[in-house]
Amino acid sequence: MYNNLRITGLASPFDTEEMIGKLMEAEKVKLNRVEQDKELLVWKREAYNDLNKDFANFILNTRKEFGLTTTTSTGVMVSNSYEKLTWVKSVTSSDESVGTVSTTAKAMNGIYNVEVEQLAEGVKMVSGSNISVGDKTNLASQFGLNEEDLIKFSIETKNGIKEFEFIGSQSINDVVRAINNAKVEVGEGDEKKEVSLGVRAVYDANIDRFFLQTEDTGKEAELSIKVDDEGSKKFINGLKLNHGGNPYVIGEKYIGQNAKINFDGAEGIEIGSNQFTINGMDFNIKSIGSFTATVDTNIDAFYEKVEKFVEEYNKLVEKSNLLLTQKKYRDYLPLTADQKKEMDKKDIELWEEKAKSGLLRNDELVSRTIRNSRTWMYEKVEGVEGGFKHLTEIGISTERFSQGDLGGKLSIDEIKLKEAIRKDADGVLELLFKAPDYGKGELEGVTPYKSDRELTSEQLQAKRKQSGIVTRLYDNLILGMQDIINKSGTGDDSNLYRNVKSNMLIDFVTKHSSISMIDKDVMKLENRIDDLNVYLFRKENQYYSKFAAMEQALSRMNQQSMWLMQQFSN
């Protein structure tokens, strides 16, 4: 509304301001209603977005809890196969001084004998004795050279050859930095890229020794140093490098050695690293010797993971059901600005709590998302190799119906689930997490990155049938989330949804220009509000004009009455 400074009621006994205010209150009824409609839409958008965030956080948190995603040091989320989960099996080493071991779901239960005959090593060169012949200010004084002397040598590793060049006025620390930062080009054409030379240098001034070794281990690791002139040769020889207790020979190529182990009857296994994986077990061998690795299913840890997932799912169902069944108080509309002025803060909060209740009551989008998720929970999982095809076979079923509850929560038969895990842990994992067989049958030509919205109804059905229970639950929630995003937008949570699925917002951006249906409706109401404000401004001016005209007429009548009275008095 617009405000002008006006002085009224001078010629009449009427309170013009109050009369016009009353008239304008009646005129503002339509504006108030449109503003309330807009407020209801904004609240509904917030309710959708809050629930959608709950869906997203449920997926992200349970994926993380299961170990299906991990976060790198740079904050990037990386997917992990259920076959690589580390909590399914437990493993112990009989002698951790010889080797430690961890395991994944792929490991077979049993006791495995491991004998370490030789550790993997890279190429190591160390100074056999002190290297400085003078002070350590620069290379010239440290190695008995001239400051103008040019020192040139090359180092070759499996990654390539790098030439180095220094002068006597530089220091040994300059040499160390140059070697450690050295890069070489590998590949050809478009595949060409820079990689580390693959060798590390260290100079320890406290003991006056120089160390040089390859970053890699095994027979693929190699190292050689070449020089072309006597001055450079004097510098390399001055480092007094030894390899395996013998003086290093300039120009000679040295290679590393593989680890040699015997694994449960498989003898003479050579591996280029002391960290390796065999039969789903990750080994880290430390010394020569023998140990046994005992693998067994971690039933309690497995059960706890499933139990935690069910608890989080039930919370999600409970909140969704509450929104779908929440009572709607039709007499509690959003408060107008004038109404809020007459109420205290607590009363406003209580009123708005009632006004916001039931905004998503019987909402089709939310109902469909929960209904699809629940329905597919109990459909048979096709293509499994294990012994379980239905969720009820591992002791998970729906809670009994209760009055006033839409149902859908899950309950666990602890004895039955633990027995299923004990009997066939791989089968339980497959039932829960199996991925569809992409590229076969109805899914021929479909990739894991393709959106469900791009699939035909036959392809979508095939994908759901071939997916594990948890996998298809995530997919159904994501599909529902996309519907809700199209309806209400993303708010400030675009990155959250992209973390759930990188291409989740493609349709919203490309087909809807990132403008939701509610956003469009709100913009229409805002335009209507602007039009009504202009109308009210003009209407108010009309009333003031009419009352001003009345004031003028009354003023003239008063003047005439006074003139007549003066005439009669004469």
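In what order do the five strands of the open sheet run? In this predicted model, the order is S3-S21-S5-S17-S18, and the pairing is antiparallel. Strand S3 (89-93) sits at one edge and strand S18 (266-271) at the other, so to speak, with each pairing on one side only. From one strand to the next, the twist averages 25 degrees. Zooming in on the S18 edge, strand S17 (residues 259-263) pairs with S18 in the antiparallel sense over four bridges. Within that pair, Ala-259 stands opposite Ile-271 in S18.

There is also an open sheet of three strands, ordered S4-S20-S19 and again with antiparallel pairing. Here the edges are taken by strand S4 (99-103) and strand S19 (275-278), each of which pairs on one side only. The twist in this sheet averages 25 degrees from one strand to the next. S19 and strand S20 (residues 281-285) are joined in the antiparallel sense over four bridges, and Ile-278 stands opposite Met-281 in S20.

Turning to the helices, H2 is a good place to start. Helix H2 covers residues 29-66, and at 1.5 Å a residue its 38 residues should span 56 Å; the end C-alpha atoms turn out to be 55 Å apart, which agrees. What comes right after H2 is Gly-67, with a positive phi near 90 degrees.

H2 has a packing partner in helix H9 (residues 364-377): the two axes come within 12 Å and cross at roughly 15 degrees. H2 and H9 are therefore roughly parallel to each other, as an angle under 35 degrees counts as such. H2 passes H9 in a left-handed crossing. On the H2 side the contact is made by Tyr-48, Leu-51 and Phe-55, and on the H9 side by Leu-365, Val-366, Thr-369 and Ile-370. Sorted by class, the residues of this contact come out as six nonpolar, one polar and no charged. An α-helix has 3.6 residues a turn, so residues three or four places apart point the same way.

Helix H12 (residues 469-488) packs with helix H6 (residues 299-325) at an angle of about 25 degrees, the axes being 14 Å apart. That angle makes H6 roughly parallel to H12, and H6 passes H12 in a left-handed crossing. Phe-309, Tyr-313 and Leu-316 in H6 meet Val-470, Leu-473, Tyr-474 and Leu-477 in H12. By class, this contact of H6 with H12 has seven nonpolar residues, no polar ones and no charged ones.

H12 also packs with helix H11 (residues 457-466), this time at an angle of about 140 degrees and with the axes 9 Å apart. Why is H11 described as oblique to H12? The angle of about 140 degrees makes H11 oblique to H12, since roughly antiparallel would need an angle over 145. From H11, Leu-460, Lys-463, Arg-464 and Lys-465 meet Arg-472, Asp-475, Asn-476 and Leu-479 in H12. The class count for the contact of H11 with H12 is two nonpolar, one polar and five charged residues. H12 thus takes part in a contact with no charged residues, on meeting H6, and in one with five charged residues, on meeting H11.

Definitions and conventions:
Residues are numbered from 1 along each chain as its sequence is written. This is a predicted model: local features need pLDDT of at least 70, side-chain atom pairs count only at pLDDT 80 or more; totals for chains, interfaces and linings use all residues. Side-chain values use heavy atoms; hydrogens and water are left out. Helices (H or I, at least four residues) and strands (E, at least two) are DSSP runs, numbered from the N terminus. The expected span of a helix is 1.5 Å times one less than its number of residues. Axes are lines fitted to C-alpha atoms, for helices over the stretch in contact, and angles run from 0 to 180 degrees between N-to-C directions. Angles under 35 degrees count as roughly parallel, over 145 as roughly antiparallel, 65 to 115 as roughly perpendicular and the rest as oblique. A crossing is left-handed if the near helix is turned anticlockwise from the far one by less than a right angle, and right-handed if clockwise. Contact means heavy atoms within 4.5 Å. Ala, Val, Leu, Ile, Met, Phe, Trp, Tyr, Cys and Pro count as nonpolar, Asp, Glu, Lys and Arg as charged, and the others, Gly among them, as polar. Two strands pair if DSSP finds at least two bridges between them.
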